[in-house]
Amino acid sequence: MTIKDEHAKFSELFSECERSLSSFVFSLLPNRADADDVLQETLRALWENKNAYDHSRPFFPWACQFAYRQVLQMRRKHAIRGKYFCDATIEALASERVNDETWEVSQKEALRNCLKHLNQEDKRLVEFRYQTEMSIMELSETTGQSANSFYKRLQRIRKELMECIIGRLGFEGV
């Protein structure tokens, strides 16, 4: 992998979790300016340590470790005990947030993998349904099926996806 590819991959990983990482930091710091500073420092630290990232593991929990350390540094830097949560509370909140986000990331990854196993026609129907603003009635007209038939087919696909997701999450031990 070239350096350009590595930079692109890192940027992609960060972009995918940027909103969740921001939410994580904002849940731990009451001051928006401090949270913004922590996010910038976190990004810097992630970039400096990008070669240490193990691509076989989820990116978000790894990034949260850096953010968590930055939150603690911000708290100590200001040394305003009444303004921020104590270290134990920050640790408990951070752990809970990471677990919630890790579960969500795992579900999304399982869905992406399960979608790959659908046949082309089912994949197309799912894309039509969830990537357009069309109602089921409009979609059924587009596909030439009755609304009832389209709805039943979509239900079958959803059930298939749900079973696949449950199987993947159970298999992966999540």
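Biologist: Is the link of C114 and C164 left-handed or right-handed?

Modeller: Bear in mind that this is a predicted model. The sulfur atoms of C114 and C164 sit 2.0 Å apart, so they fall within the 2.5 Å cut-off for a disulfide. With -90° about the S-S bond, the link of C114 and C164 is left-handed.

Biologist: How many disulfides does a search of the whole structure find?

Modeller: C17 doesn't add one, because the closest cysteine sulfur, in C64, is 7.1 Å from its own, too far for a bond. C114 and C164 do form a disulfide. Searching the whole structure, the number of disulfides found is 1.

Biologist: How many residues apart in sequence are the parts that C114 and C164 tie together?

Modeller: The disulfide is formed by C114 and C164. C114 belongs to helix α4 and C164 to helix α7, so the parts tied together are apart in sequence by 50 residues.

Biologist: Is C164 buried or exposed, or something in between?

Modeller: Its partner C114 has 2% relative accessibility, so C114 counts as buried. C164 has a relative accessible area of 24%. Buried would need under 20% and exposed over 50%, so C164 ends up partly exposed.

Biologist: And C64, is that one buried or exposed?

Modeller: C64 has its closest cysteine sulfur in C17, 7.1 Å away, too far for a bond. C17 has a relative accessible area of 6%, so C17 is buried. For C64 the relative accessible area is 2%, so C64 is likewise buried.

Biologist: Which element gives the largest share of the largest nonpolar core?

Modeller: That core has 26 residues, and L21, F24, V25, L46 and F59 touch the most other members. The elements giving two or more residues to this core are α1 (3-28), α2 (32-48) and α3 (59-78). The largest share, 11 residues, comes from α3.

Biologist: Which residues is F59 in contact with, leaving aside its neighbours within four places in sequence?

Modeller: F59 is among the members of the largest nonpolar core that touch the most others. Setting those sequence neighbours aside, F59 has contacts with F10, L13, F14, C17 and Y53.

Biologist: How many residues are in the second, separate core?

Modeller: Beyond the core that takes its largest share from α3, there's a separate one. Its members include L118, L125, V126 and L139. The residue count for this second core is 12.

Biologist: Which element supplies the largest share of the lining of the second largest pocket?

Modeller: There are 14 lining residues, and L111, L115, V126, Y130 and L161 lie nearest the centre of the pocket. The elements that give two or more residues are α4 (87-116), α5 (120-131) and α7 (147-171). The largest share, 6 residues, comes from α7.

Biologist: How much space lies in the second largest pocket?

Modeller: The lining, by class, has 9 nonpolar, 2 polar and 3 charged residues. The space in this second largest pocket comes to about 260 Å³.

Biologist: Stepping back, what pattern does the protein chain follow along the sequence?

Modeller: The protein chain has 7 helices and 0 strands. Read along the sequence, the pattern is therefore one of DSSP helix runs numbered from the N terminus, written α-α-α-α-α-α-α.

Biologist: What share of the residues in the protein chain is buried?

Modeller: Buried here means under 20% relative accessible area. Among the 174 residues in the protein chain, the buried share is 33%.

Definitions and conventions: Residues numbered from 1 in each chain as written. Predicted model: local features only at pLDDT ≥ 70, side-chain atom pairs only at ≥ 80, totals over all residues. Heavy atoms only, no water. 1 Å grid on protein atoms, 1.4 Å probe; cavity = no way out; pocket = protein on both sides within 12 Å on 5 of 7 lines; lining within 4 Å. Points joined across faces, edges and corners; volume = space filled by probe spheres on them. Helix = DSSP H or I, 4+ residues; strand = E, 2+ residues; numbered from the N terminus. Nonpolar A, V, L, I, M, F, W, Y, C, P; charged D, E, K, R; others polar. Buried < 20%, exposed > 50% of the residue type's maximum accessible area, 1.4 Å probe, protein only. Core = buried A, V, L, I, M, F, W, Y, C linked by side-chain atoms within 4.5 Å. Contact = heavy atoms within 4.5 Å.
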